[in-house]
Amino acid sequence: MIKLILTITLIGYSCSAMSNTFEYDASFRLRHQQVNDQSLKNAKATTLLTRVEGSFITDYELTLFGQYDYVWALDKDSYNSITYFNDHAPIPDPPGGELNQLNLQWQFLVDWRAVVGRQVISFDNERHVGNAAYWQNDQTFDAATLQYRNGFNWQFNYSYVNKVHRIFGDHSIARLPSSDSRYPETLIRPTSELGNHQHNSHLINLSYKFNPNVTISSFAYLVDNKTAAEFSSNTLGLHLEGAAKPDQLKYNYSAEIAWQKDATNNPKNYQAWYLLAELGVQYRSHRLDVGYEYLGDDNNTAFQTSLGTNHKFLGWADVFSRYDELAGLSDTYLSYAGRKAKIRWKLVAHSFESLANNKKLGNELDLELAWRYSRKWEFKLLAAYYQAKDTGLYSNIANFDLSTVEVSASYNF
């Protein structure tokens, strides 16, 4: 997978009339991506994301915010965008336009804020709820959100979600187009590939900051997916982030435990656990971390993160990011990150193991190298190589080697 990303952002235009203010931004991201996968045909995609957004801010602590995205694809037939399905390797960056956000925000009683409409929702490290902003079309929510932040210790978030606009876009509808390679056999798209899912879900996150370095959060994500019943679940958990610097060394740690059960209309009957533990040490601009992530399973169903930013976890090659195909596994990883002047780097090694038989699934090595040339320009190299071990133990994609390379240049006004 070779990716070339060019990002241009125009920011800061505003005008005011009386006490009201209007601000608008625009951004562009050009991406060329290639995938080399032993299990499927190689793929390449050249896409351009254009984003325009505006905020109308009134004197009554009300803000109307809108954001529109459009993605152009030069050749949508040379890759599998999931929306336009074929036998090439998947690159879920489908072409088309979408109203990404449109919401009304109200700041009231000093510490309280309400947001109603299409919006971004992200909690903690985005493992369970996030907007998947890595992709050209990110994930947003039709929701009503209530937030409390007292500026010191407590933070409370509650969201009622009516619909989730997923990365596959509005054009990924139930009826397959005739160009779909599966069209002769079926006319109906799998629910896991639909661009929109109807919900009746409640997302609750409460955090407390003991001091500037230690925060603990508790959460209850009650997902009632009306479109894809197999993704309905109740997830309860605790997340801890902390750091200490007694001398020249800074020690970082994070931990999470979560329990998930099938809910409402889910035809599956299961209970599964999630665990995360990470320890790190930092000396000046160099940091070393070791971590362990565990996604349990029960009754042939794995712990699911259907609303999370899954690209951030389990390796950048995205071998295990398809939560609808996920079986129980563990990931032991070691990362090293550093910085010198305008250059920063990160190297991550993963070891994946199947929980079904405690056998090795594969290894992955990820590399990020970034050069911040100026405040406006940044150049980046990303590479990932996944090497399969015991074949036939997991989903089809995990049984084959896969390598990815991404080169990007970004410019921000």
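## Confidence in the model

What is the mean pLDDT of the chain, and what share of its residues reach 70 or more? This is a predicted model, and its mean pLDDT is 90, with 93% of residues at 70 or more. One stretch to treat with care is residues 1-14, where pLDDT stays under 50. The model still has 67 contacts beyond four places in sequence for that stretch. Where pLDDT is low, the predicted coordinates should not be read in detail.

## The nonpolar core

Let's turn to the interior. The largest nonpolar core has 38 residues, and those with the most contacts inside it are Phe 141, Phe 320, Leu 329 and Tyr 386. Two or more residues come from each of β7 (140-149), β8, β10 (214-223), β13 (271-283), β17 (329-340), β18 (343-354) and β20 (377-388). The biggest contribution is that of β20, which gives four residues. As general background, nonpolar side chains in soluble globular proteins tend to be buried together.

## Leu 314, a buried loop residue

Leu 314 is found in the loop between β16 (301-302) and β17. Is Leu 314 buried or exposed? Leu 314 counts as buried because its relative accessibility is 3%, below the 20% cut-off.

Not counting residues up to four places away in sequence, Leu 314 touches Arg 127, Glu 293, Leu 295, Phe 320, Leu 329, Asp 331, His 350, Phe 352 and Glu 364. Phe 320 and Leu 329 have already appeared among the residues with the most contacts inside the largest nonpolar core. For a sense of distance, the C-alpha atoms of Leu 314 and Val 281 are separated by 21 Å, with the two residues 33 apart along the chain.

## Ser 172 and its neighbours

Another loop residue worth a visit is Ser 172, between β8 (154-165) and β9 (196-211). Its relative accessibility is 3%, so Ser 172 counts as buried.

Which residue's side chain makes a polar contact with the side chain of Ser 172? The partner is Arg 189, at 3.4 Å. Arg 189 is also one of the residues that Ser 172 touches beyond four places in sequence, together with Thr 83, Glu 193, Leu 194 and Gly 195.

## Strands β5, β6 and β7

Strand β6 (residues 112-119) has β5 (residues 96-108) as an antiparallel partner over seven bridges. β6 also pairs with β7 in the antiparallel sense, over eight bridges. To find your place in these pairings, look for Leu 102 opposite Arg 118 in β6, and for Arg 113 opposite Gln 147 in β7.

The hairpin of β5 and β6 has three residues between the strands, and in this hairpin Leu 109 takes a positive phi near 50 degrees.

## An aromatic cluster

A search of the whole structure finds 16 aromatic pairs. In one of them, Trp 371 and Tyr 373 meet edge-to-face, 5.2 Å centre to centre with 80 degrees between the planes. Trp 377 and Phe 379, by contrast, are stacked, at 5.9 Å centre to centre and 5 degrees between the planes. These four residues, Trp 371, Tyr 373, Trp 377 and Phe 379, form one aromatic cluster.

How accessible are the members of this cluster? Trp 371 is partly exposed at 38% relative accessibility, and Tyr 373 is partly exposed at 43%. In the stacked pair, Trp 377 is partly exposed with a relative accessible area of 31%, and Phe 379 is partly exposed with 32%.

Technical notes:
Residues numbered from 1 in each chain as written. Heavy atoms only, no water. pLDDT = per-residue confidence, 0-100. Contact = heavy atoms within 4.5 Å. Buried < 20%, exposed > 50% of the residue type's maximum accessible area, 1.4 Å probe, protein only. Polar contact = N/O pair within 3.5 Å; in protein donor to acceptor, adjacent residues only side chain to side chain. Core = buried A, V, L, I, M, F, W, Y, C linked by side-chain atoms within 4.5 Å. Pairing = 2+ DSSP bridges. Phe/Tyr/Trp six-rings, centres within 6.5 Å; stacked < 30°, edge-to-face > 60°.
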